[in-house]
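This report guides a first-year reader through the fold of one protein chain. Please keep the sequence and the three-dimensional view at hand while reading.

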Amino acid sequence: MREERIMPFVSRSNGAIDGLFEQPQQGSAEEFRPNNDPDVIAFLKAGPEVSSVSARQFRLMLRRSRLLDQVKAWVAQQDGETQDAFEYSGTFVKDSPMMAAGFKAMGFTPQQVTDFFVAASKL
């Protein structure tokens, strides 16, 4: 059985691995980690971060979470720009001010927001 080669040179951001490379990258990824390093394995299993989803994905996730009516009621109480953004946006960006305000109003924790976007991205 052939062992899969993992790219063992890591780059980090705020101490966390944010990239893997087969060869050292001068100035950014010079730290070597073995294939079985727990941080390397966790990075590989984490998958890509979801920062936005389509309007279709967002609305389907709201519906499946039984939040669509509650969100529509919240949006109806907001300014015209927020109402237009909810109604006509083709993409919903997780870190936008409107999203932060809406999810805060719904009582979501940061992890719940991340989980919502990850789940929506799979629809």
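The text below treats the sheet, two loop residues, a helix pair, a cavity and two residues of the last helix described. The model is predicted, and its local features are described where pLDDT is at least 70.

## The sheet

Strands of a sheet pair through backbone hydrogen bonds, and the pairing may be parallel or antiparallel. In this model, three strands form an open sheet in the order β2-β1-β3, with antiparallel pairing. Since β2 and β3 stand at the edges and have a single partner strand each, one side of each is left without a neighbour in the sheet. Helix α1, residues 38-46, packs on the sheet and touches β1 and β2. The direction of α1 makes about 85° with that of β2.

The pairing can be followed strand by strand. β1 and β2 run antiparallel and are joined by five bridges. β1 is also joined to strand β3, residues 31-32, by two bridges, and this pair is antiparallel as well. The table lists bridge partners from these two pairings.

| Residue | Bridge partner | Strand of the partner |
|---|---|---|
| S11 | G19 | β2 |
| V10 | E31 | β3 |
| F9 | F32 | β3 |

A general point helps when inspecting such strands: in a regular strand, side chains alternate between the two faces of the sheet.

## Two loop residues with positive phi

Which residue takes a positive phi in the hairpin of β1 and β2? The residue is N14, with phi near 55°, and the hairpin has two residues between its strands. N14 thus belongs to the loop between β1 (9-13) and β2 (16-21). The positive value occurs here in a residue other than glycine. N14 has a relative accessible area of 85%, and because exposed means over 50%, N14 is classed as exposed.

R66 offers a second case. This residue is not a glycine, yet its phi is positive, at about 60°. R66 lies in the loop between α2 and α3. Its relative accessibility is 77%, so R66 counts as exposed.

## The packing of α3 and α4

Beyond the loop that holds R66, helix α3 packs with helix α4, which spans residues 80-88. Their axes are 9 Å apart, and the angle between the helices is about 145°. On the α3 side, V71, K72, W74, V75 and A76 take part in the contact, and they meet T82, Q83 and F86 in α4. By class, this contact has five nonpolar, two polar and one charged residues.

## The cavity

Rolling a probe the size of a water molecule over the atoms shows where empty space is left. How many cavities of 30 Å³ or more does a search of the whole structure find? The search finds one. The volume of the largest cavity is about 130 Å³.

The lining of the largest cavity consists of 13 residues. Nearest its centre lie F58, V71, M99, G102 and F103. V71 is also one of the α3 residues that meet α4. Three helices, α2 (55-64), α3 (68-76) and α5 (97-105), each supply at least two residues of the lining. The largest share, four residues, comes from α5.

What is the make-up of this lining by class? Twelve of the lining residues are nonpolar, one is polar and none is charged.

## Two residues of helix α6

Helix α6 comprises residues 110-121, and D115 is placed within it. D115 is partly exposed, having a relative accessible area of 43%. Its C-alpha atom is separated by 35 Å from that of Q26, and these two residues are 89 residues apart along the chain.

S121 is also found in helix α6. With a relative accessible area of 29%, S121 is partly exposed. Along the chain, S121 and S51 are 70 residues apart, while their C-alpha atoms are separated by 9.4 Å. Leaving aside residues up to four places away in sequence, S121 touches V50, V53 and Q57. Of these contacts, Q57 falls within the residue range of α2, 55-64.

Methods. Residues numbered from 1 in each chain as written. Predicted model: local features only at pLDDT ≥ 70, side-chain atom pairs only at ≥ 80, totals over all residues. Heavy atoms only, no water. 1 Å grid on protein atoms, 1.4 Å probe; cavity = no way out; pocket = protein on both sides within 12 Å on 5 of 7 lines; lining within 4 Å. Points joined across faces, edges and corners; volume = space filled by probe spheres on them. Nonpolar A, V, L, I, M, F, W, Y, C, P; charged D, E, K, R; others polar. Axes fitted to C-alpha atoms, helices over the stretch in contact; angles between N-to-C directions. Contact = heavy atoms within 4.5 Å. Buried < 20%, exposed > 50% of the residue type's maximum accessible area, 1.4 Å probe, protein only. Pairing = 2+ DSSP bridges.
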